[in-house]
Amino acid sequence: MQRVKVELGSRSYDILIGRDLLAELGPRCRKLGLGSRCAIITDSNVAPHYGEETQRLLEASGFQTTIITIPPGEKSKSLKYVGACYDTMAKHRLERKSFVVALGGGVVGDLAGFVAASYLRGIPFVQVPTTLLAQVDSSVGGKTGINLKAGKNLVGAFYQPKLVLCDLATLDTLPERELRAGLSEVIKYGIIYDALFFRRLEEQLEGALKRDPAILAKIIARCCAIKAEVVSQDETETGLRAILNFGHTIGHALEAISGYGKYLHGEAIALGQVCAARLSQKILGLPSADAERIRALLERAGLPIEAHLTAAQKQKILAAMKLDKKVSAGEIKFVLARQLGKDEHGQKVPESEVLAVLEKIQFNS
Ligand SMILES: NC(=O)c1ccc[n+]([C@@H]2O[C@H](COP(=O)([O-])OP(=O)(O)OC[C@H]3O[C@@H](n4cnc5c(N)ncnc54)[C@H](O)[C@@H]3O)[C@@H](O)[C@H]2O)c1
Ligand SMILES: [Zn+2]
């Protein structure tokens with residue numbers, strides 16, 4: 001088992017990474033002194049695999065559990081399901097010391113975290129992420145939230161979990177496409193923070209795609225360590241934390257204009273990273289060989305690196321970028337790489353450059 005600590009003073013917590021770790025959940029929750037009742041929030045894809053087992057393991061450690069199963073998918077990150085969770089929790093008399101277990105991918109984690117942050121003004125929660133994306137990204141760092149009709153993640157709270165438990169065995173049932181989408185965020189960590197890690201990914205990508213447990217464990221631990229370091233320095237994204245958004249400015253816009261249906265998040269972010277690498281070349285002088293290595297690694301991971309969009313869609317991407325909540329005073333700001341492993345946030349990019357990159361990336365008009 002590997003252990004990464006997120007240092008946030010009295011709100012510090014451990015991320016545990018290893019195979020068959022679920023068995024540790026009950027004893028670890030006991031050690032944390034959590035109350036006797038808990039709600040396990042999960043989705044209907046994850047529940048048949050791990051729901052009962054999680055319930056049984058927690059009960060074996062003396063906890064009384066209620067399982068709340070939401071439909072899978074982004075649409076469940078909504079006020080409707082927040083309300084449904086509150087009602088079930090109130091019905092089962094969860095109180096201030098009770099806790100929430102988020103068992104699932106980023107959708108479940110974001111929703112369950114927000115429910116925990118707001119129910120009775122905040123009760124403890126534990127993340128048990130079951131997608132690669134959730135294990136390396138969404139379960140760590142305390143961003144919780146839901147979507148509104150007006151846009152993604154518009155309501156939420158910074159609320160840290162008490163523990164993150166990444167059981168690699170849960171990835172055995174993860175669909176191939178979801179695994180590849182998670183690798184997009186993994187590759188991002190190399191680009192923004194650690195050139196050696198990027199090189200290791202170039203060497204070990206096939207092993208990761210084959211779900212080699214030793215390779216996955218090391219990769220996940222390094223990603224969590226990077227995210228933990230960044231979050232410890234800038235919990236509420238006033239500066240450094242923004243580097244985690246490499247590839248996300250164009251990626252989010254792509255997701256928005258395609259109705260959050262065509263691309264998985266990681267896939268949209270792959271395209272966004274190819275664009276950001278090209279902009280980095282132009283604006284910060286990222287060597288062209290490095291931009292090519294970024295593109296090539298994303299391609300080897302089976303992620304989209306080109307798309308076919310009309311001229312109207314390109315305009316829509318620009319408009320969507322301007323609506324993104326990370327944009328201030330109408331200026332489009334990007335995270336760009338000066339070199340592999342060294343990123344700079346807050347880079348203002350003129351619209352004309354963004355359009356030029358959208359053209360170059362072989363988006364057919
Ligand atoms: N809070 C953050 O910091 C943060 C960071 C990045 C992304 N996010 C959010 O995360 C969400 C995306 O997360 P995701 O990619 O994990 O998607 P997801 O939660 O929708 O999971 C992807 C799919 O895999 C299924 N699934 C999950 N685990 C499985 C398993 N072990 N076996 C079989 N099927 C399984 C799910 O039911 C779903 O159909 C988005 O809503 C995004 O906004 C949040
Ligand atoms: Zn992301």
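What percentage of the 365 residues in the protein is buried? In this predicted model, buried residues make up 58% of the 365. Here, a residue is buried when its relative accessible area is under 20%.

The fold is built from 13 helices and 11 strands. Its radius of gyration is 20 Å, close to the 21 Å that the globule rule gives for 365 residues, so the protein is as compact as a globular protein of that length. Along the principal axes, the C-alpha atoms occupy a box of roughly 60 × 40 × 35 Å. Of the contacts between residues at least 6 apart in sequence, 76% join residues at least 24 apart.

The outside can be described by area and by charge. The accessible surface comes to about 15000 Å², and carbon and sulfur atoms account for 50% of that surface. The protein carries 48 positive and 40 negative side chains, and the centres of these two sets are 4 Å apart.

One element, strand β3, can be followed in detail. It spans residues 37–43, and seven of its seven residues are buried, so β3 is largely enclosed by the rest of the structure. Its side chains fall into two sets: R37, A39, I41 and D43 point one way from the strand, while C38, I40 and T42 point the other way. Both sets are buried, including the residues R37 and D43.

Strand β3 is paired with strand β4, which covers residues 64–70. The two strands run parallel and are joined by seven bridges. Within this pairing, T42 of β3 stands opposite T69 in β4.

Key:
Residues are numbered from 1 along each chain as its sequence is written. Chains are lettered from A and ligands numbered from 1 in the order in which they are written. This is a predicted model: local features need pLDDT of at least 70, side-chain atom pairs count only at pLDDT 80 or more; totals for chains, interfaces and linings use all residues. Side-chain values use heavy atoms; hydrogens and water are left out. Helices (H or I, at least four residues) and strands (E, at least two) are DSSP runs, numbered from the N terminus. The radius of gyration is taken over C-alpha atoms; the globule rule is 2.2 Å times the number of residues to the power 0.38. Buried means under 20% relative accessible area, exposed over 50%, partly exposed in between (1.4 Å probe, protein chains only). Contact means heavy atoms within 4.5 Å. Accessible areas come from the Shrake-Rupley method with a 1.4 Å probe; for residues, only the protein chains shown count as cover. Lys and Arg count as positive and Asp and Glu as negative; His and the chain ends are not counted. The place of a charge is taken as NZ of Lys, CZ of Arg, CG of Asp or CD of Glu. Two strands pair if DSSP finds at least two bridges between them.
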